[in-house]
2 protein chains.
Amino acid sequence: MLDSLKAGGKKLTKPRRAILKIFQESALPITAAEVHERLKRAHRTVDLVTVYRNLAMLKELGMIESVGFHEGQMRYEVRHGRQHHHHIQCRGCGRIADLMLCPLKKLTEVVERRTRFVVDSHALEFFGWCPECR
Amino acid sequence: MLDSLKAGGKKLTKPRRAILKIFQESALPITAAEVHERLKRAHRTVDLVTVYRNLAMLKELGMIESVGFHEGQMRYEVRHGRQHHHHIQCRGCGRIADLMLCPLKKLTEVVERRTRFVVDSHALEFFGWCPECR
DNA sequence: GATTAAATGCAACTCACTTGCAATTAGCTT
DNA sequence: AAGCTAATTGCAAGTGAGTTGCATTTAATC
């Protein structure tokens, strides 16, 4: 997993190591502010700007992925060892759950045929009410 | 269509009328800034804050819908008379095309069964390269 | 240990969007 | 047609996520 860093000519600094640890410990997508806060709680305080720069870089290297729920901020999750999936977010409490499914293999072909675009990715999120908020 | 306004106790002001006209003339989802700019070009200049407030209100009344491509801004499109659909955006030029399809009826049931959430909506966007940018 | 490119932290900035408030206006009511 | 009132508008100022410039620090290599 750290090979990707070396391959990209990136250093394994202390802040970066701490950020990666946060992601390894977090199953669900988290925001930059949440990463920042968790670092502080773990007495590994890192400047927020460093968090942002690392998120951009880790995404660039394909080590993390971004997910957006149109909350006015992005969320990120590790990619390592996890299969492609989607999410559902509760409109009440904001809680997010993984959906280990993706129904879009075939649809992608339909889209490519119809639009003459070459599809390179997609975003799919569900919204609703969780058992507690319902 | 304007009945929704009256039903909501809303007035049909000049700025509002102009904003609705912009949407009726625009097939694809546009940003607040684009609405604002088009109003200016049509010599119907309206303050940007008025645009934002109207977008919020029209969305509230279900007259327009928001779509996001994680560009750091939201887009909006009229709902009136149009069927539920999704979009694809070009990573090169940002161009958006409509996809008049939605494969998620059945999947929604699967999601509800698996997560015990009550699904109330979903967001699905494709990204890729259009014929010109490819 | 010396070298150096990458990375960090701080301060200042940008940009989408929101809020407070006084002035205006649409849509009644009489 | 004039008056009333709540809704709406524009302006100014604020918020919050994310970015940029730059001097200082640090990981990795020589």
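Let's start with how the two protein chains relate to each other in this predicted model. A turn of 180 degrees, with a shift of 0.0 Å along the axis, lays chain A on chain B with an RMSD of 0.0 Å. That is the relation of a two-fold axis. If you would like a landmark for the axis, look for Leu124(A): among the residues of chain A, its C-alpha comes closest to the rotation axis, at 2.2 Å. Both copies use the same surface, and 100% of the contact residues of chain A recur in chain B.

**Where the chains meet**

The contact brings together 28 residues of chain A and 28 residues of chain B. On the chain A side, strand S4 (86–90), strand S5 (96–99), helix H5 (105–115) and strand S6 (118–129) each supply at least two residues. Which of these elements gives the largest share of the side of chain A that touches chain B? That is S6(A), with 12 residues. S6(A) also pairs across the interface: 11 bridges join S6(A) to strand S6 (residues 118–129) of chain B, and the two strands run antiparallel. One pair to pick out by eye is Val118(A), which stands opposite Trp129(B) in S6(B).

**Around the DNA**

Turning to DNA strand C, 25 residues lie around this strand, and those that come nearest are Lys10(A), Pro15(A), Asp47(A), Thr50(A) and Leu12(B). Both chains take part in this surface: helix H2 (14–25) and helix H4 (48–60) of chain A, together with helix H3 (32–41) and helix H4 (48–60) of chain B, each supply at least two residues. The largest share, four residues, comes from H4(A).

Here is the make-up of the two surfaces by residue class.

| Surface | Nonpolar | Polar | Charged |
|---|---|---|---|
| Side of chain A that touches chain B | 17 residues | six residues | five residues |
| Surface near DNA strand C | 10 residues | eight residues | seven residues |

**A sheet in chain B**

Chain B also holds an open sheet of three strands, in the order S1-S3-S2, with antiparallel pairing. Strand S1 (30–31) and strand S2 (64–68) of chain B stand at the edges and have a single partner strand each, so one side of each is left without a neighbour in the sheet. S1(B) pairs with strand S3 (residues 74–78) of chain B over two bridges, in the antiparallel sense. What is the bridge partner of Thr31(B) in S3(B)? Arg75(B) takes that place.

Key
Residues numbered from 1 in each chain as written. Chains lettered and ligands numbered in written order. Predicted model: local features only at pLDDT ≥ 70, side-chain atom pairs only at ≥ 80, totals over all residues. Contact = placed C-beta atoms within 7 Å. Nonpolar A, V, L, I, M, F, W, Y, C, P; charged D, E, K, R; others polar. Pairing = 2+ DSSP bridges. Least-squares fit on C-alpha atoms with pLDDT ≥ 70 in both. Near = placed C-beta within 6 Å.
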